[in-house]
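Subject: Structure for you to look at

Hello,

Here is the structure I said I would pass on. Please open it next to this email and follow along as you read.

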Amino acid sequence: MQQLAQRLDRLGTETAFSVAQAAAAWKAKGNRVYPFHLGDINIPTAPHIVEAMSQAISEGYTGYCPGPGIPQLREALAHDIGSRRGMEFTADNVVVMTGGKPVITKFLQAVMDPGQEVLYPNPGFPIYESQIEYLGGTAVPYNYVPTESGFAIDLEQVRASITENTTAIIYNDLQNPISAESTAAEREAVAQLAIEHDLWVLSDEAYFETRYEGASSSIAALPGMAERTVILYTFSKKFAMTGSRLGCAVAPLEIAQVMSKLNTNDESCTTHYVQWAGIAALTGPQEPVQEMLDTLKERRDVACEIVNSIPGFSVAVPQSTFYLFPDVTEAMERKGFTDVGDFATAALENTGVSFCTREHFGRRLPGEKRQYIRLAYSGIETEDIREGLGRLRDWIAA
């Protein structure tokens with residue numbers, strides 16, 4: 001019998017979808033489910049973006065287009081991304097892709113040979129680890145330490161993890177799942193390590209503009225970083241276009257050229273008419289973006305207030321993303337649980353609240369003792385947040 005490729009054994013997945021399946025199965029039995037598990041957005045894409053997509057279809061933009069993206073979108077992205085980061089890019093720096101995930105894969109294909117090491121955040125987006133290992137690299141995790149305002153990168157661990165075989169570091173400021181945001185000092189420290197050890201950097205900036213207070217900064221804008229940093233950009237979060245699958249890499253020219261070639265090999269091109277919708281998103285009315293942020297901020301405030309009222313739960317109020325990563329150690333002890341997965345299952349079956357756990361975002365690291373869950377509030381209405389988390393609070397308190 002024919003065997004499948006051995007590399008498939010190294011391929012992970014986005015484990016939030018497995019939680020979604022469990023929630024759907026519970027709902028199919030007639031139970032109420034409060035979906036805090038998946039970082040999708042239940043706010044519609046703005047009408048002018050949808051209209052631009054429909055018009056592009058009606059005008060015949062349904063065939064092939066250039067592999068790196070249509071020039072009009074690449075120019076709009078270069079201007080928008082550069083101006084928001086205090087940088088200058090041209091269309092040649094921009095490679096349009098089908099969302100943010102392909103940027104991760106193609107970055108690794110461009111800079112990592114089999115056997116080389118890549119540092120990645122843990123807890124972190126699980127596709128980092130999956131793609132490093134699938135492509136034959138060695139995934140080296142770096143972790144975070146809790147602070148009064150959330151979490152900070154363990155910089156000493158990062159420094160100690162760099163070897164002669166390390167080729168790159170994946171850096172996710174405004175981080176999924178823990179909502180951690182680097183201070184200026186932390187961002188500069190990561191940059192200095194990259195420069196000191198001549199590392200490539202993937203700066204995942206999917207949530208760069210999903211923030212409620214303050215202003216975002218890019219590590220790519222720091223001295224000596226533009227020539228070694230690839231920015232991951234996606235339309236999914238800012239414009240509620242998760243299903244449209246549109247994003248890009250902003251990269252030094254030598255990397256951009258490689259990524260363009262990979263596009264041609266992998267997809268030929270990103271869907272033509274969706275790219276015209278991207279232009280409308282960038283250059284059209286921005287009021288829908290602010291309205292969505294206002295809605296998400298309201299959800300954040302309500303969720304944080306209730307979470308911090310649950311016995312044994314604690315979480316800092318994040319200024320960005322749409323995730324909470326509360327410490328639930330005492331709550332689990334209160335209910336008699338030692339396994340966070342069992343705790344999540346019991347919570348679903350007793351309250352209808354569905355959420356991911358720390359284990360869905362990377363292998364637990366040596367010395368980790370605290371227990372965490374992730375609550376995504378982007379896909380659930382404010383009143384349902386109140387009701388669902390209220391039921392969770394009552395169950396924990398009982």
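The model is a predicted one. I begin with a single residue. Is A184 buried, exposed or partly exposed? Its relative accessibility is 47%, and a residue counts as buried under 20% and as exposed over 50%. A184 therefore counts as partly exposed. You will find A184 in helix α7, which covers residues 184-196. Another residue to look at beside A184 is S218: the two are 34 residues apart along the chain, and their C-alpha atoms are separated by 9.8 Å.

Now the whole chain. The protein chain contains 14 helices and 14 strands. Its radius of gyration is 21 Å, close to the 21 Å that the globule rule gives for 398 residues, so the chain is as compact as a globular protein of that length. Along the principal axes, the C-alpha atoms fill a box of roughly 60 × 55 × 55 Å. Of the 398 residues, 56% count as buried. The accessible surface comes to about 17,100 Å², and carbon and sulfur atoms account for 50% of it. Contacts between residues at least 6 apart in sequence were also examined, and 74% of these join residues at least 24 apart.

Next, the sheets. One open sheet is made of seven strands, in the order β2-β10-β9-β8-β7-β3-β4, with mixed pairing. Why do β2 and β4 each have one side without a neighbour in the sheet? Strands β2 (94-97) and β4 (138-142) stand at the edges and have a single partner strand each, so one side of each is left without a neighbour there. From one strand to the next, the twist averages 20 degrees.

Two pairings in this sheet are worth tracing on the screen. Strand β2 runs antiparallel to β10, and four bridges join them; here V94 stands opposite V250 of β10. Strand β10 (residues 247-250) also pairs with β9 (residues 229-234), again in the antiparallel sense and over four bridges. In that pairing, L232 stands opposite A249 of β10.

Although β2 is at an edge of the sheet, both of its faces are covered. V94 and V96 lie on one side, V95 and M97 on the other, and all of them are buried.

A helix lies across this sheet. Helix α4 (residues 101-111) lies across β2, β3, β7, β8, β9 and β10, and runs at about 180 degrees to β8. Which helix does α4 cross? The axes of α4 and helix α9 (residues 253-266) come within 10 Å and cross at roughly 115 degrees. This crossing is right-handed. On the α4 side, the contact is made by V103, K106, F107, Q109, A110 and V111. On the α9 side, I255, V258, M259, L262, N263 and D266 take part.

There is also an open sheet of three strands, in the order β11-β14-β13, with antiparallel pairing. Strands β11 (323-324) and β13 (356-357) are at its edges with a single partner strand each, so each has one side left without a neighbour in the sheet. Two bridges join β11 to β14 (residues 373-376), and L324 stands opposite L375 of β14.

Regards

Key: Residues numbered from 1 in each chain as written. Predicted model: local features only at pLDDT ≥ 70, side-chain atom pairs only at ≥ 80, totals over all residues. Heavy atoms only, no water. Pairing = 2+ DSSP bridges. Axes fitted to C-alpha atoms, helices over the stretch in contact; angles between N-to-C directions. Contact = heavy atoms within 4.5 Å. Rg over C-alpha atoms; globule rule 2.2 N^0.38 Å. Buried < 20%, exposed > 50% of the residue type's maximum accessible area, 1.4 Å probe, protein only. Areas by Shrake-Rupley, 256 points an atom, 1.4 Å probe, with all protein chains shown as cover. Left-handed = near helix turned anticlockwise from the far one by under 90°.
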